Amino acid sequence: MLNRNVMLTDTQRFLLRNVSIIVLGLFINQMLQTVGSIVLARVLDDPTKFGQVNLLLQIFGMASLFLNVGFNSSLIYTFSRKPAEALQTNFRVAFFGSSLFGVIFGIILALLAPILANYYHLPELKGALILSSIMFVFNSIINIGVASFSGNRDFSVQAFFMVITTTLATSGTVVGVLLPIGSLNLLENISLWMSVGAILTALFIGWKVERVHNPKWFGGIPMQEVKTMLAYGLPSWAGNIAKAFQQPFLVMMVGSSSVIAVGYLSNGFRITGFIGIITWAFMIVTFPFVAESAQDLKESKQRGTSCVRYNNIFLYPLTALICLYPDQINGFLFGESFTSGDSAAYIRLMALGVLFSSVGRLGGSILAGIGKTKANFWVMIVAGIFVIAIVPFIAAKSPVLAVCIYTGGWAVSALAMIGFFYYEKFPLDWWKAYGQPLLPTIGMMAIMEAGSFTKGWYPLFIVAGLVGLLILTIMIEKRPHTGTDIHTTAAR
């Protein structure tokens, strides 16, 4: 009887299988980045140098957001609906358009290098940013290659590419510290080795694209196709910038007065990044998954509801655990010397920021899947406007308050995204999506909090809370009326 009640539909199997693949890839990515940070923290053993390196990496993160001008998201959309057309024309347009923009962007970054070095009072930053221009050109190529596999829902290859990219980038960071070259300073060494990693990654992905897809690399670049791809891709590109710039922007503002605080914040983002991979995985799977059924809005709505529901089943309890035990996690990973008096506040606020941001991030992917890309942009503008307008004036004096504003912006954006679902006349089943997944997490937290008053028995209550979470989740999922009833051969 139990087996019959918990039998998965085609949609549930599709989501859980492919999200698991992406989560594994993202988890390995996050683990590699975290291990890289741990190695740097232990080797440098200097909060100032550690902060400088993390400031450079945050600038790289911010700069990476501006690549591709929407060609990659447009290519994913075309691959999901018209794969033959994508191979004949769209891939070539996206490849050359993104490469050209990568060159232009690299030149702009090199010209801005002296200004940024002067702003942060860090002369070593100038040469590092000039060298990094090479990396961004090849990152543009990497993004297009990855998009071709995401568009045809080959998520295992995409996850593998993520791991390869992060492995080489993180290795470049560590090697740059351990093996200095000639007269290059620490930051320049890191940029040089990260650029080498980007070149190797681009060559490997290009070879894989040729072997699997065999696209038409050379030929004309029809301007009408360029306009069509940009018309779809630019709002998504702008939305992606708006949704992802807050974190590096926040760290960069704090870094203008204290590179030591940058290290503390970066460690907090490393920790909360482990829960953020849940939503990123669902975003990657959701976009082509919903786009495939865009002609049937009822089915697309069911698919969107399922994506949000299962995202929250995993995200809620992980967020709760980080909020309950922030200092313990931070101290275990990075050492007591990187645990400040405000570290718990940073980590709790960042974890809640990830939770709130999941509403807008995943909601934007769902609406983009049915061809509605404006919400993805405007909702993220709502999230970022508070950070841009307020954080620069208070970050130096109160980093904790700056992080509060960062989290508050995401909370407001979550409400805005729900409003956009009604505006587009595409509301989800909110109780299934957000209400039911919360119940097991509330039960888990109640048990654990009760155990905090028992002292010696506390570990048993932690175990009981986790067991209770699992049991309550299974009880809710096995109820026949809670699951989706989508049975489609397209979800394979």
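The legends below describe views of one protein chain in a predicted model.

**View 1. The whole chain is built with helices and without strands.**
The protein chain has 19 helices and 0 strands. Of its 492 residues, 55% are buried. Contacts between residues at least 6 apart in sequence mostly link distant parts of the chain: 82% of them join residues at least 24 apart. The accessible surface comes to about 20,700 Å², and carbon and sulfur atoms account for 70% of that surface.

**View 2. Helix α4 is mostly covered.**
Helix α4 spans residues 71–81. Of its 11 residues, 9 are buried. The buried residues begin with F71 in sequence and also include S73, S74, L75 and I76. Further along α4, Y77, T78, F79 and S80 are buried as well.

**View 3. R303 and E299 form a salt bridge within helix α12.**
Side chains of opposite charge can pair when their charged atoms come close. Here the closest N and O atoms of R303 and E299 are 2.8 Å apart. The structure holds 1 salt bridge, and R303 and E299 are the residues that form a salt bridge in this view. Both residues lie in helix α12, which covers residues 297–324. They are 4 residues apart, about one turn of the helix. R303 counts as buried because its relative accessible area is 0%, under the 20% cut-off. E299 has a relative accessibility of 16%, so E299 is buried too.

**View 4. N139 is a buried residue of helix α6.**
Helix α6 runs over residues 124–151, and N139 is located in this helix. The relative accessibility of N139 is 17%, so N139 counts as buried. Leaving aside residues up to four places away in sequence, N139 touches L67 and A198.

**View 5. Two cysteines, C323 and C404, have their accessibility compared with the cut-offs.**
C323 has a relative accessibility of 16% and therefore counts as buried. C404 has a relative accessible area of 35%. C404 is partly exposed because this value falls between the cut-offs of 20% and 50%. The structure holds 0 disulfides.

Key: Residues numbered from 1 in each chain as written. Predicted model: local features only at pLDDT ≥ 70, side-chain atom pairs only at ≥ 80, totals over all residues. Heavy atoms only, no water. Disulfide = S-S within 2.5 Å. Buried < 20%, exposed > 50% of the residue type's maximum accessible area, 1.4 Å probe, protein only. Salt bridge = Lys/Arg side-chain N within 4 Å of Asp/Glu carboxyl O. Helix = DSSP H or I, 4+ residues; strand = E, 2+ residues; numbered from the N terminus. Contact = heavy atoms within 4.5 Å. Areas by Shrake-Rupley, 256 points an atom, 1.4 Å probe, with all protein chains shown as cover.
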